Amino acid sequence: MSAAATTDQSAGILLVDDMEDNLIALEAVLGSLNEPLVRARSGEEAMKALLRQRFALVLLDVRMPGMDGFETAANIKRLDQTKDVPIIFLTGAEEDSGYAFRGYATGAADYLTKPFDPWVLRAKVTVFLDLHRKNQQLERLLRREQDSYGEVDAGLAALEAQLAGDAPPDIPALRAQVRELRQLVNKGRGI
C-alpha cells in the first residue's frame, strides 16, 4: 500500500503487549480518542500489522516472549515503510534503568513505566496523533503543489512549441495561455 493511497485514511494506534490485561487497560485509556486501536500480542504480530496498514503510533511493551520490544522496534525502524512511525515503549517500573536508554537508542520517541498515569499517556498519544494529522496535511499540500507545477510545465511546453514553430505566433492565443499560466502560479501561491 503506497503512502499516497493511505494518506487520507485514519491511521490507528498499534498496541503491542503479550498480556491481555495490559491491552484491555490501554484500550480503556485510549478508546475515547476515537482512533482505531489495533492489538498485537507479539513482535511478530506487530510487524505483520505494520505491513498491512499505516499507523500513527505504536505503543510497545518491552518484555515479551520471542521477539522483545527492542527487537521489534529495531525491525520497525529498519523498514522504509515503517521507519517514521513513532514508538512509545511501555515497561514495568522495576525494570533495569538501562532499558530507557536502550529504548531511545533503538528509536523510541518516548518511554513510559507501568503503571502509567492514564492522563499522561492520553496526552502523549494525542500529541503524536496531532503530528500525524499535520503530516497528512503537508503530504496533501505537497501533492497539490506538484500537480500545479506539472500543469505549469505543460503550459510552458505548449508556449515554447508555438514560439518555435515556423508559422507566425497567434498573439491573442499566446496572451490567453500566459494568463492561464499566471492563474495557475497564483493559485499555487494561494493568491
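**Reading the terms in a predicted model**

Q: Which residues of helix α4 (residues 69-78) are buried?
A: Gly 69, Phe 70, Thr 72, Ala 73 and Ile 76 are the buried residues of α4. Buried means a relative accessible area under 20%, exposed means over 50%, and partly exposed lies in between, with a 1.4 Å probe and protein chains only. The model is a predicted one, in which local features need pLDDT of at least 70 and side-chain atom pairs count only at pLDDT 80 or more, while totals for chains, interfaces and linings use all residues. Residues are numbered from 1 along each chain as its sequence is written, and side-chain values use heavy atoms, leaving out hydrogens and water.

Q: How do you know where the buried residues of α4 lie around the axis?
A: They cover an arc of only 160°, which puts them on the same side of α4. The arc is that of the directions from the helix axis to the C-beta atoms.

Q: What do the buried residues of α4 pack against?
A: They pack against α3, β3, β4 and α5 (98-106). Contact here means heavy atoms within 4.5 Å.

Q: What makes up the secondary structure of the chain, and in what order do the elements run?
A: There are seven helices and five strands. Helices (H or I, at least four residues) and strands (E, at least two) are DSSP runs numbered from the N terminus. From that end, the elements run α-β-α-β-α-β-α-β-α-β-α-α.

Q: Why is the chain called more spread out than a compact globule?
A: Its radius of gyration is 24 Å, whereas the globule rule gives 16 Å for 191 residues; the value is well over the rule, so the chain is more spread out than a compact globule. The radius is taken over C-alpha atoms, and the rule is 2.2 Å times the number of residues to the power 0.38. Along the principal axes, the C-alpha atoms fill a box of roughly 85 × 30 × 25 Å. Of the 191 residues, 38% are buried.

Q: What share of the contacts between residues at least 6 apart in sequence joins residues at least 24 apart?
A: The share is 63%.

Q: Where are the buried residues of α3 around its axis, and how do you know?
A: In α3, Gly 43, Ala 46, Met 47, Ala 49 and Leu 50 are buried. Their arc is only 165° around the axis, which puts them on the same side of α3. Lys 48 and Arg 52, on the other side of α3, are exposed. The cover over the buried residues of α3 includes β1, β2, β3 and α4.

Q: What makes the buried residues of α2 line one face of the helix?
A: Leu 23, Leu 26, Val 29 and Leu 30 are the residues in question. Seen down the axis of α2, these residues fall within an arc of 130°, so they line one face. The face turned away from them carries the exposed residues Asp 21 and Ala 28. Among the elements that cover the buried residues of α2 are β1 (12-16), β2, β3 (55-61), β4 (87-92) and α6.

Q: Why is Asp 17 called buried?
A: Its relative accessible area is 0%, which is under the cut-off, so Asp 17 counts as buried. Asp 17 sits in the loop between β1 and α2. Leaving aside neighbours within four places in sequence, its contacts include Asn 22, Leu 23, Asp 61 and Lys 114.

Q: Why is Ser 42 called buried?
A: The value for Ser 42 is 15%, again under the cut-off, so Ser 42 is buried. Ser 42 is placed in the loop between β2 (37-40) and α3 (43-52). Not counting residues up to four places away in sequence, Ser 42 touches Val 16 and Met 64.

Q: Why is Tyr 104 called partly exposed?
A: Its relative accessible area is 43%, which falls between the two cut-offs, so Tyr 104 is partly exposed. Tyr 104 belongs to helix α5. Beyond four places in sequence, Tyr 104 touches Ala 109, Asp 110 and Tyr 111.

Q: Why does Asn 34 count as exposed?
A: Its relative accessibility is 67%, over the upper cut-off, so Asn 34 counts as exposed. Asn 34 lies in the loop between α2 (20-30) and β2. Its phi is near 55°, a positive value in a residue other than glycine.

Q: What is the omega of the peptide bond from Lys 114 to Pro 115?
A: Omega is near -5°, and the bond is cis. Pro 115 lies in the loop between β5 (110-114) and α6 (118-164).
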